[in-house]
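Subject: Structure for you to look at

Hello,

Here is the structure I said I would pass on. Please open it first, then read my notes below with it on the screen.

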Amino acid sequence: MSRHPVHQLHLHHRGRAFHFVAYDGEPANVARGKEAVPPTWFLMASGKRWAVMEVADAPETERDSQFTQCLDQNVFA
């Protein structure tokens, strides 16, 4: 798997600040029965993380729009 740089993003939405981090993927481990995990953006809060979407080469505006949609559906629902 190619190495993706770790990215962080602080996004303000509806008067609150949110922290997103992109982590590298992990290759499959047949010996442990684990499938490969693609590079993924995570929402970070209270020492926990939640997967939001796979890392993609999309424009920043499109990526930020996807993040705000995720927040509207999962945080502000």
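The chain exposes about 5,800 Å² of surface, and carbon and sulfur atoms supply 49% of that area. Please keep in mind that this is a predicted model. Of the 77 residues of the chain, 23% count as buried. The C-alpha trace spans about 45 × 25 × 20 Å along its principal axes.

The overall layout

The secondary structure comes to one helix and four strands. Reading along the sequence, you will meet them in the pattern β-β-β-β-α. Among contacts in the chain with a separation of 6 or more, 35% are between residues 24 or more positions apart.

Two of the strand pairings are worth tracing on the screen. β2 and β3 are antiparallel and pair over five bridges. One of the residues to look for here is Val21, whose bridge partner in β3 is Phe42. β3 is also joined to β4, again in the antiparallel sense, by six bridges. In this pairing, Met44 stands opposite Arg49 of β4.

The core

In soluble globular proteins, nonpolar side chains tend to be buried together. Which residues make up the largest nonpolar core here? There are ten: Leu9, Leu11, Phe18, Phe20, Ala22, Trp41, Leu43, Met53, Phe67 and Leu71. At least two of these residues come from each of β1 (7-13), β2 (16-23), β3 (40-45) and α1 (60-74). β2 gives the most, with three residues.

To see how one core residue is surrounded, select Leu71. Leaving out residues up to four places away in sequence, Leu71 touches Leu11, His13, Phe18, Phe20, Leu43 and Phe76.

Aromatic rings

A pair of aromatic rings is described by the distance of the centres and the angle of the planes. How many aromatic pairs does a search of the whole structure find? The search finds four, and I describe two of them below.

In the pair of Tyr23 and Phe42, the ring centres are 5.6 Å apart and the planes are at 70°, so the pair is edge-to-face. Tyr23 sits in strand β2 and Phe42 in strand β3, and the pair links distant parts of the chain, 19 residues apart. Are these two residues buried, partly exposed or exposed? Tyr23 has a relative accessibility of 32% and therefore counts as partly exposed. Phe42 has a relative accessible area of 14%, so Phe42 is buried.

The pair of Trp41 and Phe67 has ring centres 5.3 Å apart and planes at 75°, so this pair is edge-to-face as well. Because Trp41 lies in strand β3 and Phe67 in helix α1, the pair ties together parts that are 26 residues apart in sequence. Trp41 is buried, at a relative accessible area of 5%. Phe67 is buried too, with a value of 0%. Both residues belong to the core listed above. Ring pairs also link Phe20, Trp41 and Phe67 into a cluster.

Arginines over rings

Two arginines lie over the faces of aromatic rings. Arg49 lies over the face of Phe42, at 4.4 Å from the ring centre. Phe42 is thus a good residue to select, as it also pairs with the ring of Tyr23 and is the bridge partner of Val21. Arg14 lies over the face of Phe76, at 4.8 Å from the ring centre.

Backbone angles in the loops

Arg14 comes up again here. Arg14 is found in the loop between β1 and β2, and has a positive phi of about 55° although it is not a glycine. With a relative accessibility of 54%, Arg14 counts as exposed.

Where else does a residue have a positive phi of about 55° although it is not a glycine? Ser46 does, and Ser46 lies in the loop between β3 and β4 (48-54). These two strands form a hairpin with two residues between them, and Ser46 is in the turn. Ser46 counts as exposed, because its relative accessibility is 75%.

If you are short of time, begin with the core and then go through the ring pairs.

Regards

Definitions and conventions. Residues numbered from 1 in each chain as written. Predicted model: local features only at pLDDT ≥ 70, side-chain atom pairs only at ≥ 80, totals over all residues. Heavy atoms only, no water. Core = buried A, V, L, I, M, F, W, Y, C linked by side-chain atoms within 4.5 Å. Buried < 20%, exposed > 50% of the residue type's maximum accessible area, 1.4 Å probe, protein only. Contact = heavy atoms within 4.5 Å. Phe/Tyr/Trp six-rings, centres within 6.5 Å; stacked < 30°, edge-to-face > 60°. Lys NZ or Arg CZ within 6 Å of the ring centre and 35° of its normal. Areas by Shrake-Rupley, 256 points an atom, 1.4 Å probe, with all protein chains shown as cover. Pairing = 2+ DSSP bridges.
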